[in-house]
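Dear colleague,

I am handing over the structure below, together with some notes on what was found in it. Please read the notes with the structure open beside you.

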Amino acid sequence: MEITSPTFKANARAALADPQLQQALGHIRTGFIEKRAAAVAELPEFERLREQGRAIKNHTLENLDLYLEAYEEKVLEEGGVVHWAETADDARAIVLDICRSVGALSVTKGKTMISEEIGLNEYLAENGIAPVETDLGEYIIQIRDEAPSHIIAPAVHLTREQVEADFRRLHTHLPPERDLSDAGKLLGEARQVLRQRFLEADVGITGANFLVAETGTSIIVTNEGNGDLTQTLPKVHIVLASIEKIVPTLEDASQILRLLARSATGQDMSVYTTFSTGPRRRDDPDGPGEYHVVILDNGRSGMLGTEFQDMLRCIRCAACMNHCPVYQEIGGHAYGWVYPGPMGAVLTPQLIGIDKAANLPNASTFCGRCEAVCPMKIPLPNMMRHWREREFERHLQPTTYRTGLGLWAFFARRPRLYQFVTGIAMRILGNMGARKGRFRRLPFASGWTKYRDMPAPAGATFQEMWAARKRNAA
Amino acid sequence: MAGTASGQSTELPTGPTEGPSVALFVTCLVDLFRPNVGFAAVRLIEASGCRVDVPAAQTCCGQPAYNSGDRRDAAAIARQVIAAFEPYDYVVAPSGSCAGMLKVHYPELLQDDPIWAVRAKAFSAKVHELVSFLADVRGMTGVEAAFQGTVTYHDSCSGLRELGVREQPRRLLRSVDGLKLVELKDADVCCGFGGTFCVKYADISDAIVERKTAAIAGSGAGTLLAGDLGCLLNMAGKLSREGRPVAVRHVAEVLAGMADGPAIGEPEE
Amino acid sequence: MSTRDAILGKIRRSLGVHAEDSARNAAVDGRLLQHAPGVIPARGQVSPDAKLVLFTRLVEKTGATTIRVPSTTAVPDAVAEYLRGRNLPAKVRMGDDALLEALPWQHTQIEREKGPSDGHDPVGLSHAFGAVAESGTLVLVSGNANPTTLNFLPETHIVVLLRDDLAGDYEMIWKKLRAEYGRAMPRTVNMITGPSRSADIEQTIVRGAHGPRNLHIIIVD
């Protein structure tokens with residue numbers, strides 16, 4: 001997937017000026033937020049579950065090697081195959097290999113962000129295999145040749161009108177005068193078109209919300225049932241999962257599942273939560289004959305033992321971006337790669353490098369709403385700050401910015417000098433601004449005054465006035 | 001000079017000579033832009049029965065350095081602040097973000113230094129945001145102040161999420177004689193200031209603050225209050241640019257009965 | 001060195017741990033063996049009657065329909081009535097499930113086709129392994145008795161649930177599953193909470209994405 005994170009500012013500007021996008025984003029501001037709040041309000045144990053979720057994941061991460069081994073052992077016991085992939089290239093090659101081994105011509109896909117991360121679709125297409133996205137949102141963006149803009153609602157940046165236009169453009173075998181005037185009719189058409197693809201597929205690829213070490217089980221969570229049709233009908237099922245998806249037991253998974261749908265869409269449970277273990281058994285009349293799990297590292301093992309380890313607790317619920325004032329204004333594409341919003345701001349620099357992704361952890365006010373709603377209590381603003389520290393250490397920030405900050409710090413560490421200089425500066429500014437009380441324009445402050453007036457300072461500083469009062473009292 | 005405290009409270013310091021000692025952390029924005037807030041804070045803290053002092057060796061809490069990744073300068077400033085303020089019983093700041101920096105982040109900044117880690121932890125326990133100090137520590141349930149008009153209140157992010165400041169300002173505002181408090185829609189959503197964010201990502205910040213000023217206008221209030229001058233300068237600047245007739249003040253000014261002078265961004269008559 | 005060893009090695013180096021550390025291994029083995037439950041919400045820890053009320057309320061909120069029948073003998077008629085009411089043909093696809101097999105189907109005209117669905121069945125009929133009152137969730141298990149495709153391909157899914165199989169929480173279901181299946185899980189356990197839906201277009205919720213558009217639950221006392 002093309003990386004445009006370096007042009008984040010331009011991306012954001014375009015997003016702010018895009019009326020269709022702004023209209024579509026309006027649904028996030030209400031829908032997701034209100035629904036989550038209602039679901040949380042109905043579950044008195046929610047806070048305790050958050051504590052549990054954090055504890056379970058922390059314990060698992062501290063012992064990730066052992067749990068991965070235990071998981072692998074169980075998968076093999078149940079007749080599955082486990083593949084290990086260190087890099088995106090490794091993972092792509094493994095998937096292609098499996099597809100080729102069964103002469104796969106058509107492949108259906110459930111929604112998996114890992115496949116976006118490794119650029120799987122383009123790679124398969126280059127190698128003569130056409131993957132079909134079956135999640136409605138993923139299908140829509142696939143036909144638009146776009147990337148997802150949200151990790152659970154990939155097409156959230158589109159209006160209904162845009163989707164209708166795309167369906168008409170692509171589904172030319174259907175009568176042009178047909179009615180597609182509401183979401184229901186569009187969904188009905190997608191259902192009809194994709195049904196045949198489900199039935200024809202040789203290989204089905206899904207992600208995994210969790211991998212359960214106790215039983216060698218992969219868990220997928222959907223509302224549509226597309227993931228289930230993807231993994232049940234073809235002769236081969238491939239699970240793509242990164243190393244931190246492991247949880248120890250079914251009971252541990254149940255704790256975190258209680259947090260997931262509520263945090264994501266405000267449902268108590270998604271419609272389909274499916275636990276899959278190995279290929280078809282002797283007494284299974286349906287199901288895949290082969291079950292493969294591709295376990296991907298891609299930089300995550302390097303996060304363990306660092307100040308970024310907590311990010312590996314993420315369960316991809318998207319609550320953070322739904323509540324983020326920045327994401328709400330610019331949507332997901334502006335972030336420039338696979339993972340947007342606060343979780344993207346922390347994860348992206350790790351996966352593609354801070355030099356390319358620097359804008360992401362910087363474009364935050366640290367309002368803290370993300371951390372407040374994160375079901376796994378991930379300290380997102382702190383980790384964004386840690387990225388800024390890495391940036392500072394590597395001198396990646398613009399020189400003017402760094403110099404300005406250095407100057408401020410120089411004075412701030414010398415109170416008497418500071419008070420002397422600021423006393424003069426505020427007197428000047430105060431005089432300049434006295435008549436109107438504010439500045440419409442101010443040299444060196446055009447970043448501010450482009451959009452806002454600058455209130456004029458009082459003219460005397462508090463320190464001066466306090467010192468004067470003390471002198472008078474003495 | 002615009003917005004000075006002249007014509008307001010120039011009485012000589014006649015506060016309590018007994019009671020706990022409070023060191024006022026003025027904050028750079030209050031110091032430089034609007035001293036009236038500092039004087040309002042002094043009056044309120046004294047009214048709660050404490051002695052107030054303002055250590056001279058204070059400039060900034062160090063957030064600009066800290067949030068830009070410059071831990072070294074931030075830690076140096078932290079040590080400076082702790083050394084100047086730790087002799088007092090309490091450290092009070094009329095700002096959720098500065099109080100949050102001192103209380104929550106100084107211990108993290110200095111955690112690797114065995115001596116300073118201890119001092120930072122002890123210091124942190126003394127730090128409070130102004131309104132929560134009055135309500136939660138001093139037990140104030142009301143103030144002796146009057147203010148005619150409808151007021152709405154914005155929850156500054158750090159105060160709200162780092163320090164739990166939410167009910168306290170509302171409770172105290174409701175005790176102000178003549179004041180009518182209306183809730184702001186999405187009061188707890190960021191105003192878009194975020195320190196350097198508002199100039200580094202000015203387009204996004206503008207979109208966020210526009211949403212905020214629309215909500216402020218929708219509340220029907222004639223006055224906007226909050227507990228952080230950064231937020232207030234941002235929102236006042238946008239309201240002014242949009243020509244919206246809403247007066248903007250720091251909540252301390254209203255609670256202290258010192259809201260007669262020019263509002264933020266307004267000239268002195 | 002295999003990729004597997006490379007990754008595990010990286011993990012161990014990052015964490016500063018050793019594979020042979022006996023304390024770690026004991027902790028991990030212990031947790032896997034004990035599979036201790038965590039926080040179980042109080043809402044499902046209620047009397048059987050209250051559980052039924054909760055289950056019904058939550059599952060109907062999703063757009064599923066429910067009906068209570070006094071005994072298993074009433075099930076075929078309930079199925080027939082439902083099909084008639086929806087103008088559906090009197091035909092269902094089902095598996096070898098013993099309970100469903102033993103029902104008095106001869107009273108009805110319903111044509112029963114056995115085996116997994118191939119995508120051309122309008123109605124699937126399953127017998128639930130259990131259900132969870134806490135979230136209005138049905139639990140269905142793969143196998144000849146109730147093939148997985150019945151849960152997803154037909155546009156209408158009818159599920160028979162015995163009241164006694166209604167648990168308060170997921171933890172009870174895992175207990176029951178382990179008791180029946182031992183340490184080996186069935187190929188698929190489906191937890192189903194309502195009919196298929198999507199909100200991918202403008203956050204408007206629409207039913208019948210790819211799974212069943214209609215879910216009807218016959219609860220047997």
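Which residue stands opposite A:Tyr272 in strand 9 of chain C? In this predicted model, the partner of A:Tyr272 is C:Ile192, and the pair belongs to a junction in which strand 9 of chain A (residues 272–276) and strand 9 of chain C (residues 188–192) run antiparallel and are joined by five bridges.

That pairing leads on to the contact between the two chains, to which chain A gives 77 residues and chain C gives 63 residues. On the side of chain A that touches chain C, helix 10 of chain A (residues 183–200) provides the largest share, eight residues, and the residues of that side fall into 30 nonpolar, 26 polar and 21 charged.

Chain A also has a contact with chain B, made of 64 residues from chain B and 58 residues from chain A. Several helices of chain B each supply at least two residues of the side that touches chain A, among them helix 1 (28–33), helix 2 (35–47) and helix 11 (202–219), but helix 12 of chain B gives the most, with seven residues. By class, this side of chain B divides into 35 nonpolar, 16 polar and 13 charged residues.

Turning to the sheets, chain A contains an open sheet of six strands in the order 1-10-7-4-2-3, with parallel pairing. Strand 1 (81–85) and strand 3 (130–133) of chain A are the edge strands, each pairing on one side only, and the twist from one strand to the next averages 25°. At one of these edges, strand 3 of chain A runs parallel to strand 2 of chain A (residues 106–109) and is joined to it by four bridges, with A:Lys109 standing opposite A:Glu133.

Chain B has an open sheet of four strands, ordered 2-1-3-4 and again described by parallel pairing. Its edge strands are strand 2 (51–53) and strand 4 (127–129) of chain B, and neighbouring strands are turned against each other by 35° on average, direction ignored. Helix 7 of chain B (residues 130–137) packs on this sheet, where it touches strand 3 (90–93) and strand 4 of chain B, and the direction of helix 7 makes about 105° with that of strand 4. Strand 1 of chain B (residues 21–24) runs parallel to strand 2 of chain B, with three bridges between them, and B:Ser21 stands opposite B:Arg51.

In chain C, strand 4 (residues 123–127) is mostly covered, as five of its five residues are buried. C:Val123, C:Leu125 and C:His127 point one way from this strand, while C:Gly124 and C:Ser126 point the other way. Strand 4 of chain C is joined in parallel to strand 2 of chain C (residues 91–94) by two bridges, with C:Met94 opposite C:Leu125, and it pairs in the parallel sense with strand 7 of chain C (residues 156–162) over five bridges, where C:His127 stands opposite C:Val160.

Finally, the largest nonpolar core has 294 residues, and those with the most contacts inside it are A:Val294 and B:Leu102. Helix 12 of chain A (residues 250–264) contributes the largest share of this core, eight residues. Leaving aside residues up to four places away in sequence, A:Val294 touches A:His83, A:Ala85, A:Ala91, A:Ile94, A:Val95, A:Ile238, A:Val239 and A:Leu240.

With best regards

Definitions and conventions
Residues numbered from 1 in each chain as written. Chains lettered and ligands numbered in written order. Predicted model: local features only at pLDDT ≥ 70, side-chain atom pairs only at ≥ 80, totals over all residues. Contact = placed C-beta atoms within 7 Å. Nonpolar A, V, L, I, M, F, W, Y, C, P; charged D, E, K, R; others polar. Pairing = 2+ DSSP bridges. Axes fitted to C-alpha atoms, helices over the stretch in contact; angles between N-to-C directions. Core = buried A, V, L, I, M, F, W, Y, C linked by C-beta atoms within 7 Å. Buried ≥ 20, exposed ≤ 12 C-beta atoms within 10 Å, placed from the backbone.
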